[in-house]
Structure formats: structure tokens, C-alpha cells
Amino acid sequence: MKRKTHVLSTLALSLGLLSAHSFAANPQTVTIGYQKANIFALLKYRGSLDDTFKKEGINVRWVEFPAGPQMLEGLNVGSIDLAATGDAPPAFAQAAKADLVYLAHSPANPKTEAIVVPNDSPIKSVADLKGKRVGLNKGSDVNYLLVKALEEAGLSYKDIKPVYLPPADARAAFQKGAIDAWVIWDPFLAEVEAHTGARQVRNAEGLVPHYTFYLASRHFAETYPQAAQQVVDELSKLSDWANQHQDDAAAILSKSTGLDKAIWQTTLARLPYGAQRMTPQVFAEQQALADSFTRVGLLPVKVDVRSATWSLDKKATQ
């Protein structure tokens, strides 16, 4: 009888330790970086991720950033665990030795970024940009669009005068005529088209894919893979909802950014949301981006994009 009691006690203790270990496998808090205009803002205001994690005793902390590069610096120093940015910032972060991994990506959305000029500008094609002042956010997705558009037109990066400005400053410079062209993404693209009659010279269609990437610090993704996958799953569910309820999504993002709902309706009409696991093709396209930046001198070193493969994806992407 004593032996049976001892066995049962040992089993109960083992199960208790296993339960405690399983509980400890979840983080107490997941810290997510977001921008007012990206999908994580939509996830924040919808509250579905908070609700899902709350059931598991996990808190979600949201930290706002002005742009992707600053957000990935936060990821690198450990102030956030996850982020969503366009395709260029991760390449710059990898060049700076940020230890991040690609969790997933959106569908390609090349219609959401373009080179624009004032409606009455004599500039009619990318070739006409030679010698002109072109505003853009350095290290952003549109930097890649500009590089590839110039090459397509037989020009090099040295043939233009890049003026590096964040979107708000570039918008003011564009309005004043301080720059001849502006390379910009939605919703700022939709806003400048609606309010100034800006004319597209070239968008990314047939040139570069333009993805949103969902990223995590390697430490977080490897330590808490289940939580990381849950975030991807919630992004996928949210994407399905937003694609089917663009009017509701536009209302939320209008409140988040202060931009008119009509601007967001235009943006969402050409922005397919989604969250798909990484594939060899997407890694190859991201490597082409990084190699282009190295070639024109925007990146100081060659970047191996696949070194940021999440361990759960390594077999699938080799």
C-alpha cells in the first residue's frame, strides 16, 4: 500500500512539474511593434490577439514606431518581440547584424507604391528623372522600387539626386516643389493622389513584388514558437476579415492614422492582406532586393537573407 501511495505521489509530482513546465513555455508578455498604418495597428484595434492570448495568461504590449527601420532597431535591442515591415527594412537590419527571423509574408502588393510627380510636371517617364531631385525614405521599400525603375529605364542611382526624407517631410517638400518627384507607398500615395492630383510615373507592377514581412527576434521565435505561430494565425484570420470587410477596416485605420476613410478605401482596394509562411521563392526575391542594395552601395555588406530563416521553416525553404 505504501509503495502504491509513493508511486501515485511521484506521478502526481511529475504531472505537476510537467504542467508548470508547460505553463512556463508561454511568455508572460508579448511585445509587438506597430505603425499606425500597418496591419498590426488593425490587429491592435480589433483586439482579437489580445483576447486569444489573455485566455492563456499572456499579456500583449503594443509599442508604436514611426517607421520600419526604427522598429527593427527595437527588435534588435530586445525592446519588442515582433514587428511587421515592408521588404527593405529587414535587409538593412540584417546588414546591421540584427538577429531576426522571417515568420511569414503578405501577398505581393505592387500597386501600393509608386513614383509620383505633380500633375503639371514635364516628367512623363522614369527616364525623365535624370538629374532630378527625387524624394524618398532611405532604406524603405520604395528605395528598391526606385533602384529597379531606374535600371529599367537605362539609368543608375547616380543619375538622380536622392533627397532622403520621411513621409511627412517629403509630402511638404512635394507640395512646395522642393523635390521633382516622390517615391511613396500607401496610404500616403492615395492621399497625395487625392489631394494634389499627383500623377504616377511608375508603380511596382512587373518590377518588384513588394511584400509586408512579419518578423520576430530569433530569441522570441525559438523560445516561444507556439506563441509566434499563434500571432501568424491571428494575422491570417484578420487578413481574411479585412479583405472581406474593407469598409470596416478602412474606418479603423482612418481612426488610427487620422487620414480620411476614403483614402483608406482606395488603399485597401489595391492592398491584399494575408499571412503566408515563407517559401524559397520569396526568400530568393528578398535576396535579389538585398543584392541590389549592395550593388548600388546602399548596403555596405552582402546580406545572406536565408540566415534569418525561422527554424520551423528550415526544411521547407532549403
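These exercises work through salt bridges and one strand residue in a predicted model.

The model is predicted: local features need pLDDT of at least 70, side-chain atom pairs count only at pLDDT 80 or more, and totals for chains, interfaces and linings use all residues. Residues are numbered from 1 along each chain as its sequence is written, and side-chain values use heavy atoms, with hydrogens and water left out.

**Exercise 1.** State how many salt bridges the rule gives.

Solution. Start with the general point: side chains of opposite charge can pair when their charged atoms come close. Next, take the cut-off. A salt bridge is a side-chain nitrogen of Lys or Arg within 4 Å of a carboxyl oxygen of Asp or Glu. Then count. The rule gives 12 salt bridges.

**Exercise 2.** Place the bridge between E64 and K36 in the fold and describe its exposure.

Solution. First, the distance: N to O is 3.9 Å. Second, the elements. E64 sits in strand β2 (residues 59-64) and K36 in the loop between β1 (29-34) and α2 (39-46), so the bridge ties together parts 28 residues apart in sequence. Helices (H or I, at least four residues) and strands (E, at least two) are DSSP runs, numbered from the N terminus. Third, exposure. Buried means under 20% relative accessible area, exposed over 50%, and partly exposed in between (1.4 Å probe, protein chains only). E64, at 42%, is partly exposed. K36, at 40%, is partly exposed too.

**Exercise 3.** Are R270 and D186 buried or exposed, and which parts does their bridge join?

Solution. Begin with the contact: the closest N and O atoms of R270 and D186 are 2.7 Å apart. R270 lies in the loop between α12 (261-269) and β11 (276-277), D186 in the loop between β8 (181-185) and α8 (188-196), so parts 84 residues apart in sequence are tied together. Now the accessibility. R270 is buried at 18%. D186 is buried at 10%.

**Exercise 4.** Describe the bridge between K261 and D247.

Solution. The N to O distance is 3.1 Å. K261 belongs to helix α12 and D247 to helix α11 (residues 246-257); the two residues are 14 apart and link distant parts of the chain. K261 is partly exposed at 32%. D247 is partly exposed at 38%.

**Exercise 5.** Name the residues that K148 is networked with.

Solution. K148 shares a network of salt bridges with E151 and R295.

**Exercise 6.** Describe the surroundings of T31.

Solution. Locate T31 first: strand β1. Its relative accessibility is 8%, so T31 counts as buried. Then list contacts (heavy atoms within 4.5 Å). Leaving aside neighbours within four places in sequence, T31 touches R61, V63, S79, I80, D81 and L82.
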